[in-house]
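The following exercises are to be worked with the sequence and the model open side by side. Each task is followed by a solution in steps.

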Amino acid sequence: MNVNVTSPFSQLDTLESVGIKTFVEKLKEIQAFPLKSGDHINIMQINIGKVCNLSCKHCHVEAGPQRTEIMSQEIMAQCLQVMNDHQIKTLDITGGAPELNPNHQWLIRQATEINRHVITRCNLTVLNDKNYAHLPEFYAEHKVEVVASLPYYTQKNTDRMRGDGVFQSSIEVLKQLNKLGYGREGSDLKLNLVYNPGGAFLPPAQQGIEADFRRNLLDQYGITFNSLYAIGNFPVGRFLTFLQKSGNLQPYMEKLVAAFNPETVSGVMCRDQISVSWDGYLFDCDFNQMLNLSCKPKHISDCKAEDLNGREIAVHNHCYACTAGSGSSCGGAVV
Amino acid sequence: MDTYYNPADLAKFSTMGEEAPDLWQKFMAYYGAVFENGALTAREKALIALAVAHAIQCPYCIDAYTQGALEKGANEAQMTEAIHVACAIRGGAALVHGVQMKNVAKKIGF
């Protein structure tokens with residue numbers, strides 16, 4: 001049966017249909033079940049909308065121009081209140097393309113006013129749109145850390161995943177960010193890039209691929225950056241559809257299971273963060289959000305610190321993507 | 001048996017340890033050590049393995065080291081060049097043996 005990615009149930013059914021040891025069984029084997037969050041949450045990652053100017057082949061959000069889900073300013077204000085009340089230090093903004101939410105800049109201003117570190121995840125190309133071309137200066141002014149998707153240092157590999165013209169457009173924006181001081185030595189403006197594999201295979205060692213990016217982007221375009229995060233592809237959303245349609249689902253899941261690294265479990269990102277959906281519901285991570293694997297507390301309007309800390313994390317077979325090899329998180333490799 | 005080569009057989013490689021476990025363990029320990037980062041990087045070794053796989057035309061090895069090279073961060077341009085190296089050496093090896101043909105022809109000819 002083909003997966004229906006508009007239905008979290010269908011996605012979970014598909015992940016359950018694969019003949020592998022479940023992630024829960026795997027955690028039990030190493031006495032790590034139930035998995036619990038740490039004593040304090042340091043990151044609130046909020047998905048401020050599923051609308052995006054791109055429709056990338058690996059996107060677990062199924063984001064694209066046709067999506068309409070957008071976080072309201074009211075929900076953003078509730079998020080900021082919780083961050084303030086619970087001393088959550090970092091606001092990590094994701095989407096979709098976060099820039100397409102009309103309240104994106106308001107959110108950044110408010111978060112920096114309460115001295116929170118702000119990360120915005122950016123597909124780069126959106127900043128070439130004249131409506132958003134002012135944002136690099138805005139980010140610099142507010143010391144926003146930019147985490148930019150660039151799946152590979154060549155046009156062919158990047159465009160195959162993200163669409164024609166994306167690589168060149170991304171290079172232009174990276175040059176602009178560099179001009180403002182982003183990713184330059186001695187500057188406090190952080191520019192981190194995100195690599196992800198161009199298909200159903202695991203990411204390489206982060207250090208090696210970072211060196212390749214650094215050398216190629218500098219030699220060919222004069223571009224510099226701070227760090228490269230090597231992130232795996234998760235069997236969720238559009239990538240799950242690809243896996244199933246291409247006959248790669250079973251071998252990819254087997255590959256993830258074979259590469260399970262127990263040392264990654266204590267450092268997985270869900271132990272240190274809370275994820276908020278566009279409509280204010282809470283999850284352990286953005287992937288759980290797309291699979292509607294909710295956590296307690298359920299909604300940002302009813303969120304107490306004691307509920308966030310030491311909470312039981314919802315896990316399923318997609319979690320193998322966080323524990324394969326060196327591990328994978330929104331901040332790159334785990335170990 | 002429909003075909004001598006079945007992709008599912010690659011996963012049965014370890015059954016070669018059933019009758020000779022000591023030899024298998026020694027081979028696997030050696031194999032693992034060979035592919036670790038050393039004077040050559042793990043990626044360079046994966047690309048060599050991919051080229052050799054094509055030279056010896058082993059479908060299992062081609063499958064394994066196509067994925068292996070990608071997972072070491074190589075791209076298709078690099079992998080294609082590696083296969084051209086195998087091709088050049090195989091082709092060159094055939095051609096250079098033409099000297100033997102010439103030697104024989106010279107020896108028996110007027």
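**Exercise 1. Backbone of a loop residue in chain A**

Asn292(A) sits in the loop that runs between α11 (286-290) and β9 of chain A. The model is a predicted one.

Task: State the sign of phi at Asn292(A), and decide whether the residue is buried, partly exposed or exposed.

Solution.
1. The phi angle of Asn292(A) is near 55°, which is a positive value in a residue other than glycine.
2. The relative accessible area of Asn292(A) is 46%. Buried requires a value under 20% and exposed a value over 50%, so Asn292(A) is partly exposed.

**Exercise 2. A loop residue in chain B**

Task: Determine where Gln57(B) lies, what its phi is, and whether it counts as buried or exposed.

Solution.
1. Gln57(B) belongs to the loop between α2 and α3 of chain B.
2. Its phi is near 50°, again a positive value in a residue other than glycine.
3. With a relative accessibility of 56%, Gln57(B) counts as exposed.

**Exercise 3. Cis peptide bonds in chain A**

Task: Inspect the peptide bonds from Gly95(A) to Gly96(A) and from Lys296(A) to Pro297(A), and place Gly96(A) and Pro297(A) in the chain.

Solution.
1. The bond from Gly95(A) to Gly96(A) is cis, with omega near 20°. Gly96(A) is located in the loop between β2 and α4 (104-113) of chain A.
2. The bond from Lys296(A) to Pro297(A) is also cis, with omega near 0°. Pro297(A) falls within strand β9 (residues 294-299) of chain A.

**Exercise 4. The surroundings of Thr94(A)**

Task: Locate Thr94(A), classify its accessibility and list its contacts beyond four places in sequence.

Solution.
1. Thr94(A) is part of strand β2 (residues 90-94) of chain A.
2. Its relative accessibility is 9%, and Thr94(A) therefore counts as buried.
3. Once neighbours within four places in sequence are set aside, Thr94(A) is in contact with Gln45(A), Ile46(A), Asn47(A), Ile48(A), Gly49(A), Arg121(A) and Asp286(A).

**Exercise 5. Helix α9 of chain A**

Task: Identify the buried residues of α9(A) and name elements that cover them.

Solution.
1. Helix α9 of chain A spans residues 237-245, and its buried residues are Gly237(A), Arg238(A), Phe239(A), Leu240(A), Thr241(A) and Leu243(A).
2. The cover over these residues includes α1 (8-17) and α10 (249-258) of chain A.
3. Just after α9(A), Gly247(A) adopts a positive phi of about 75°.

**Exercise 6. Packing of two helices in chain B**

Task: Describe how α2(B) and α4(B) pack, then examine Leu47(B) within α2 of chain B.

Solution.
1. Two packed helices are described by the angle between their axes and the distance between the axes.
2. Helix α2 (residues 42-55) and helix α4 (residues 76-96) of chain B pack at about 45°, with their axes 8 Å apart. The two helices are therefore oblique to each other.
3. The crossing of α2(B) past α4(B) is right-handed.
4. From α2(B), the contact is made by Leu47(B), Leu50(B), Ala51(B), His54(B) and Ala55(B); from α4(B), by Gln78(B), Met79(B), Ala82(B), Ile83(B), Ala86(B) and Arg90(B).
5. By class, the contact residues comprise eight nonpolar, two polar and one charged.
6. Leu47(B), at 16% relative accessibility, counts as buried. Not counting residues up to four places away in sequence, Leu47(B) touches Ala69(B), Ala74(B), Gln78(B), Met79(B) and Ala82(B).
7. Leu47(B) and Ala69(B) are 22 residues apart in sequence, with a C-alpha to C-alpha separation of 6.0 Å.

**Exercise 7. Aromatic pairs**

Task: Classify the ring pair of Phe167(A) and Tyr221(A) and that of Tyr5(B) and Tyr60(B).

Solution.
1. Over all chains, the structure holds 19 aromatic pairs.
2. In the pair of Phe167(A) and Tyr221(A), the ring centres are 5.8 Å apart and the planes stand at 65°, so the pair is edge-to-face.
3. Phe167(A) lies in helix α7 (residues 166-179) and Tyr221(A) in helix α8 (residues 206-221) of chain A, so the pair ties together parts 54 residues apart in sequence. Phe167(A) is buried, at a relative accessible area of 0%.
4. For Tyr5(B) and Tyr60(B), the centres are 5.5 Å apart and the planes at 75°, so this pair is edge-to-face.
5. Tyr5(B) is in the segment before α1 (21-34) of chain B and Tyr60(B) in helix α3 (residues 59-70) of chain B, 55 residues apart. Tyr5(B) is partly exposed at 46%, and Tyr60(B) is partly exposed at 24%.

Definitions and conventions: Residues are numbered from 1 along each chain as its sequence is written. Chains are lettered from A and ligands numbered from 1 in the order in which they are written. This is a predicted model: local features need pLDDT of at least 70, side-chain atom pairs count only at pLDDT 80 or more; totals for chains, interfaces and linings use all residues. Side-chain values use heavy atoms; hydrogens and water are left out. Buried means under 20% relative accessible area, exposed over 50%, partly exposed in between (1.4 Å probe, protein chains only). Helices (H or I, at least four residues) and strands (E, at least two) are DSSP runs, numbered from the N terminus. Contact means heavy atoms within 4.5 Å. Axes are lines fitted to C-alpha atoms, for helices over the stretch in contact, and angles run from 0 to 180 degrees between N-to-C directions. Angles under 35 degrees count as roughly parallel, over 145 as roughly antiparallel, 65 to 115 as roughly perpendicular and the rest as oblique. A crossing is left-handed if the near helix is turned anticlockwise from the far one by less than a right angle, and right-handed if clockwise. Ala, Val, Leu, Ile, Met, Phe, Trp, Tyr, Cys and Pro count as nonpolar, Asp, Glu, Lys and Arg as charged, and the others, Gly among them, as polar. Rings of Phe, Tyr and Trp (its six-membered ring) pair if their centres lie within 6.5 Å; planes under 30 degrees apart count as stacked, over 60 as edge-to-face and the rest as tilted.
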